[in-house]
Amino acid sequence: MLKLKIVSPERIEFTGEVESVKVPGTLGNFEILTDHAPLISTLKKGVVEYADQQLPILGGFVEVQKNQVSLCVELKEE
């Protein structure tokens, strides 16, 4: 399992355990699973998918380290 934390400038959007996270990386979409290699990547406009949830974003950053995934995102205005 992964420990996922998604934060935006307004608030913490999600914190909890998930099996995987799909993110819109600047160089293409990718999926993060348990024991993923450490990385830091920029995110582009798209949708973050986790635990049967979809979160539209305008961009941001993702950091993966020791099964902890942190996303700092700018949310799409509704």
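User: Contact means heavy atoms within 4.5 Å. With that in mind, which residues does Val18 touch, not counting residues up to four places away in sequence?

Analyst: Keep in mind that this is a predicted model. Val18 sits in strand 2 and is buried, with a relative accessible area of 2%. Once residues up to four places away in sequence are set aside, the ones Val18 touches are Met1, Leu2, Leu4, Tyr50 and Ala51.

User: Ala51 is 33 residues from Val18 along the chain, so to speak of space instead: what separates the C-alpha atoms of Val18 and Ala51?

Analyst: Val18 belongs to strand 2, and Ala51 is among the residues Val18 touches. Along the chain the two are 33 residues apart, while their C-alpha atoms are separated by 5.9 Å.

User: Tyr50 was on that contact list too. Is Tyr50 buried or exposed?

Analyst: Tyr50 lies in strand 6, residues 46–50. Its relative accessible area is 7%. Buried means under 20%, so Tyr50 counts as buried.

User: How are the rings of Phe14 and Tyr50 arranged: stacked, edge-to-face or tilted?

Analyst: This is the one aromatic pair that the structure holds. The ring centres of Phe14 and Tyr50 are 4.7 Å apart, and their planes stand at 50 degrees. Planes under 30 degrees apart count as stacked and those over 60 as edge-to-face. At 50 degrees neither label fits, so the pair of Phe14 and Tyr50 is tilted.

User: How many residues apart in sequence are the parts that this aromatic pair ties together?

Analyst: Phe14 comes from strand 2, residues 12–18, and Tyr50 comes from strand 6, residues 46–50. The pair therefore ties together parts of the chain whose separation in sequence is 36 residues.

User: What about Ser8: which side chain does it join in a polar contact?

Analyst: Ser8 is in the loop between strand 1 (2–7) and strand 2, yet it is buried, with a relative accessible area of 9%. Leaving aside neighbours within four places in sequence, Ser8 has contacts with Glu13, Val73 and Leu75. The polar contact, at 2.9 Å, joins the side chain of Ser8 to that of Glu13.

User: Val73 and Leu75 bring us to strand 8. Which residues make up its covered face?

Analyst: Strand 8 spans residues 68–75 and has two faces. Gln68, Ser70, Cys72 and Glu74 are on the uncovered one. The covered face is Val69, Leu71, Val73 and Leu75.

User: In which sense does strand 8 pair with strand 1, parallel or antiparallel?

Analyst: Five bridges link strand 1 and strand 8. Ile6 stands opposite Leu71 of strand 8. With strand 7 (residues 53–65), strand 8 pairs over eight bridges in the antiparallel sense, but with strand 1 the sense is parallel.

User: In strand 8, what is the bridge partner of Glu63?

Analyst: Look at the pairing of strand 7 and strand 8, which is antiparallel. Their hairpin has two residues between the strands, and Lys66 there takes a positive phi near 50 degrees. In strand 8, the partner bridged to Glu63 is Ser70.

User: Asn67 is another residue with a positive phi; near what value is it?

Analyst: Asn67 is placed in the loop between strand 7 and strand 8. Asn67 isn't a glycine, but its phi is positive, near 65 degrees.

User: Is Asp35 buried or exposed?

Analyst: Asp35 is in the loop between strand 4 (28–33) and strand 5 (39–43). It's not a glycine either, and its phi is positive at about 65 degrees. Its relative accessible area is 64%, and over 50% counts as exposed, so Asp35 is exposed.

User: Which strands each supply at least two residues of the largest nonpolar core?

Analyst: That core has 18 residues, and those with the most contacts inside it are Leu4, Ile6, Val21, Ile32, Val48, Val69 and Leu71. Leu4, for instance, touches residues including Val21, Val69 and Leu71. The strands that each supply at least two are strand 1, strand 3 (20–25), strand 6, strand 7 and strand 8.

User: Which residue stands opposite Gly25 in strand 4?

Analyst: Strand 3 and strand 4 run antiparallel, joined by six bridges. They form a hairpin with two residues between them. Opposite Gly25, in strand 4, stands Gly28.

Methods. Residues numbered from 1 in each chain as written. Predicted model: local features only at pLDDT ≥ 70, side-chain atom pairs only at ≥ 80, totals over all residues. Heavy atoms only, no water. Phe/Tyr/Trp six-rings, centres within 6.5 Å; stacked < 30°, edge-to-face > 60°. Helix = DSSP H or I, 4+ residues; strand = E, 2+ residues; numbered from the N terminus. Buried < 20%, exposed > 50% of the residue type's maximum accessible area, 1.4 Å probe, protein only. Polar contact = N/O pair within 3.5 Å; in protein donor to acceptor, adjacent residues only side chain to side chain. Pairing = 2+ DSSP bridges. Core = buried A, V, L, I, M, F, W, Y, C linked by side-chain atoms within 4.5 Å.
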